[in-house]
Amino acid sequence: MSEHRGHQQHEVEVRSDVVDVISNLPDCILDHILSFMPTKEVVKTSILSTRWKNLWASVPNIDFDDERLRGKEVDALRLLDVTSFVNFVERVLRLRDASNMEKFRLSCHVFRDAFKIRSWISHAIMQNVQELDLFLFAEDPSVIPQSMFNSTSLVSLKIRMDCVIEFPSDVSFPCLKTLHLSFVRFPNDDFTEKLFSGCRVLEELVLFRICLRNLKNIAISNSTLKRLTICDQSSFVVVNDPTSGCKIKIDAANLTYFEYIGFLSNKIILNNTSSLEKSFIEILNPRGRGNELEVAGRAIDLLKRLKYVVSLRLSDYYIIETLSFVASVCSVVFPNLTHLMMTMEIENDTFTELMRLLSFCPVLQSICFSEGFKCFMHLGENHYIWYSKPICIENCLKTVSLKNFHGYKSEICFLKCVLKTACALERMDIRWSETYLRDLKRKTKARKELEKIERSSTACVIKFS
């Protein structure tokens, strides 16, 4: 008993020593440590000792989230929780010292009082916040304070809210480098032009499912923009109306990354793409939406602008088919493309179009199949597709990665043909599907079949994982 008591006392002493060591650290280091913790937990540290009593008040990162209110029935208890949430937010903001904020995150799914939310955001703006992250369900456009649109301190701004945003007559973000807008609605073209022209040093722009229904033209013209992501999965389309949709004109001479996911219900016009290095394109299948011809034309125009990319990620058969058409019919060569990733399961039609596309990628060095081949794919070693192999496979290909590998005949056949043909091949990475991770017989058979192949490149290493 005495030994157990002595052990407990020792543990308490050790813990006390640790607390003392932490407490003796400079305020700036403690502030940095606390900045990684939720604000609610940070405030609780004030009860540890006198040393910690007011330390939380200078922590640069503030994070408020009403997640505890979600899913609760509207009753007296939830009203108490709402009141508690509001009181906590206002107490923290009132007692916080006058030091500048680095990050302010506010997520309000249940609490929708526009007046209070606007006052909290305004408080962060007045404390020269650098990163502002807002996830709001309030439907009142006035929830965003007008002062935010002339912030001289904001470096990063992220807004997620299904609501029209009201802009002041003048928009100026002299330091803003990152802008993410999700589900936001713009009243007309003038407001988009006003916003984007006010971001003079913008480097990253994400437009995620923003509502473009009322717009005809969006102009994004910025020489500092480096990364652009557009997720345009709008379900709104006017069948057989060539004027339907919006034109998104992008003029960014230093753009290095472009990502598009959507139905191409709106026309994307990319200018000055010579600096573009990486791109991810997923054109969702337009069949059944009544605007297939318009989408095909828009897809061809868009893909022509990607001819100088170094790295390309593709995710569906439709885009492979269109890209192959662009290359063969429009005589477009991809002279810089060295890395290609396929993020869909490969089937016969997809593979045929892919091989045709590779004929226009003369310097391709790596190809990755992240989802593997479909089980019903038929590809034999005497298949006609191997009679005319793309020159990049023979002379340039260095790395092949095949994930979600099942050991199907078509997969084995493809890998064999690459091993026999690719003179520059250095590495072949094969990752087994979880379905066959423990099937030692299948794994052994596949390994033996590949290892007995006489390789065109003696330096090639095959790695299973």
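Accessible area here is what the Shrake-Rupley method gives with a 1.4 Å probe. By that yardstick, the chain in this predicted model exposes about 23300 Å², and carbon and sulfur atoms supply 52% of that area. Here's a quick tour, starting with the whole chain and then zooming in on a sheet and a pair of helices.

**The whole chain**
- You're looking at 465 residues, and 46% of them are buried.
- The secondary structure adds up to 12 helices and 18 strands.
- Take the contacts in the chain with a separation of 6 or more: 67% of them come from residues 24 or more positions apart.

**A three-stranded sheet**
- Strands β7, β9 and β11 line up in that order as an open sheet, with parallel pairing.
- From one strand to the next, the twist averages 10°.
- β7 (217–221) and β11 (267–271) sit at the edges with a single partner strand each, so each has one side without a neighbour in the sheet.
- β9 (residues 247–251) runs parallel to β11, and five bridges join the two.
- If you want a spot to look at, try Ile250, whose bridge partner in β11 is Leu270.

**Two helices side by side**
- Helix α8 (residues 317–329) packs against helix α9 (residues 348–358) at an angle of about 30°, and their axes are 9 Å apart.
- Their crossing is left-handed.
- On the α8 side, the contact residues include Tyr317, Ile320, Leu323 and Ala327, while α9 brings in Asp349, Glu353, Leu354 and Leu357, among others.
- Sort the residues of this contact by type and you get six nonpolar, three polar and four charged.

Key. Residues are numbered from 1 along each chain as its sequence is written. This is a predicted model: local features need pLDDT of at least 70, side-chain atom pairs count only at pLDDT 80 or more; totals for chains, interfaces and linings use all residues. Side-chain values use heavy atoms; hydrogens and water are left out. Axes are lines fitted to C-alpha atoms, for helices over the stretch in contact, and angles run from 0 to 180 degrees between N-to-C directions. Helices (H or I, at least four residues) and strands (E, at least two) are DSSP runs, numbered from the N terminus. A crossing is left-handed if the near helix is turned anticlockwise from the far one by less than a right angle, and right-handed if clockwise. Contact means heavy atoms within 4.5 Å. Ala, Val, Leu, Ile, Met, Phe, Trp, Tyr, Cys and Pro count as nonpolar, Asp, Glu, Lys and Arg as charged, and the others, Gly among them, as polar. Two strands pair if DSSP finds at least two bridges between them. Buried means under 20% relative accessible area, exposed over 50%, partly exposed in between (1.4 Å probe, protein chains only).
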